[in-house]
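Hi there,

As promised, I am handing the structure over to you. Please have a look at it first, and then read on for my notes.

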Amino acid sequence: MDIDKNKPVYSTTVAADLSGISKSTLMRYEKAGLITPYKNKKQRLYSNTDIEWLTCIRDLIKQGYSIISLTKLLKYETCYQLKGCSEEVIKNCSVIKEKSK
């Protein structure tokens, strides 16, 4: 059985925990436009692909990028160019596959 990595299933608290960031940081990423969760009337939900993307953002920020600079840079370069990912990582990245649809 294939798992749909794009199905929104995680609450904000769980998504933050899985991606290694705080809930308030996750909300700052959303406010900056770096992540857009699925929203229903009661809550925001995140998919496995969103978790991978949040982890990528977290890693870029650890490398010294600010939220503002990432917002601007990602308009011109891909995350894997900024991170310097290997060809193997790029080939298997579900975030890249989802964003190219």
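A residue counts as buried here when its relative accessible area is under 20%. Ser 47 has 4% relative accessibility, so Ser 47 is buried. Please keep in mind that this is a predicted model.

Ser 47 seems a good place to begin. Ser 47 sits in the loop that runs between strand β2 (44-45) and helix α3. Leaving aside residues up to four places away in sequence, Ser 47 touches Lys 5, Asn 6, Lys 7, Pro 8 and Tyr 10.

That brings me to the beginning of the chain. Asp 4 belongs to the segment before α1. Is Asp 4 buried or exposed? Neither label fits: Asp 4 has a relative accessibility of 47% and therefore counts as partly exposed. A polar atom of the Asp 4 side chain lies 2.9 Å from the backbone nitrogen of Asn 6, and Asn 6 is also one of the residues that Ser 47 touches. For a distance across the model, take Asp 4 and Leu 82: they are 78 residues apart in sequence, with 27 Å between their C-alpha atoms.

Now to the helices, beginning with α1 and α3. Helix α1 covers residues 12-19 and helix α3 covers residues 48-62; their axes come within 9 Å and cross at roughly 50°. That angle makes α1 oblique to α3. The contact between them brings Ala 15, Leu 18 and Ser 19 of α1 together with Ile 51, Leu 54, Thr 55 and Arg 58 of α3. Sorted by class, the residues of this contact are 4 nonpolar, 2 polar and 1 charged. As for handedness, the crossing of α1 and α3 is right-handed.

How do α1 and α2 lie relative to each other? The axes of α1 and α2 come within 9 Å and cross at roughly 100°. The two helices are therefore roughly perpendicular. On the α1 side, the contact is made by Thr 12, Thr 13, Ala 15 and Ala 16, and on the α2 side by Lys 23, Leu 26 and Met 27. The class split for α1 with α2 is 4 nonpolar, 2 polar and 1 charged. Ala 15 may be worth highlighting in your viewer: Ala 15 takes part in the contact of α1 with α3 and also in the contact of α1 with α2.

Staying with α2, which spans residues 23-32, you will find Thr 25 there. Thr 25 has a relative accessible area of 14%, so Thr 25 is buried. The Thr 25 side chain makes a polar contact with the side chain of Ser 22, at 2.8 Å.

After α2 comes Pro 37, in the loop between α2 and β1 (38-39). Pro 37 is buried because its relative accessibility is 6%. Outside the stretch of up to four places away in sequence, Pro 37 touches Glu 30, Arg 44, Leu 45 and Tyr 46. Pro 37 and Ser 24 are 13 residues apart along the chain, and their C-alpha atoms are separated by 15 Å.

Finally, two cysteines. Cys 56 is part of helix α3. With 9% relative accessibility, Cys 56 counts as buried. Its contacts, again not counting residues up to four places away in sequence, are with Cys 79 and Lys 83. From Cys 56 to Pro 8, which is 48 residues away along the chain, the C-alpha separation is 18 Å. You have already met Pro 8 above, among the residues touched by Ser 47.

Where does the other cysteine, Cys 85, lie? Cys 85 is in the loop between α5 (79-83) and α6 (87-92). Cys 85 has a relative accessibility of 24%, so Cys 85 counts as partly exposed. Cys 85 touches Tyr 80 and Ile 90, with residues up to four places away in sequence left out. Between the C-alpha atoms of Cys 85 and Ile 68, 17 residues apart along the chain, the separation is 22 Å.

That is what I have for now. Happy browsing!

Best wishes

Definitions and conventions
Residues are numbered from 1 along each chain as its sequence is written. This is a predicted model: local features need pLDDT of at least 70, side-chain atom pairs count only at pLDDT 80 or more; totals for chains, interfaces and linings use all residues. Side-chain values use heavy atoms; hydrogens and water are left out. Helices (H or I, at least four residues) and strands (E, at least two) are DSSP runs, numbered from the N terminus. Buried means under 20% relative accessible area, exposed over 50%, partly exposed in between (1.4 Å probe, protein chains only). A polar contact is a pair of N or O atoms within 3.5 Å; within protein, one must be able to donate a hydrogen and the other to accept it, and residues adjacent in sequence count only if both atoms are side-chain atoms. Axes are lines fitted to C-alpha atoms, for helices over the stretch in contact, and angles run from 0 to 180 degrees between N-to-C directions. Angles under 35 degrees count as roughly parallel, over 145 as roughly antiparallel, 65 to 115 as roughly perpendicular and the rest as oblique. A crossing is left-handed if the near helix is turned anticlockwise from the far one by less than a right angle, and right-handed if clockwise. Contact means heavy atoms within 4.5 Å. Ala, Val, Leu, Ile, Met, Phe, Trp, Tyr, Cys and Pro count as nonpolar, Asp, Glu, Lys and Arg as charged, and the others, Gly among them, as polar.
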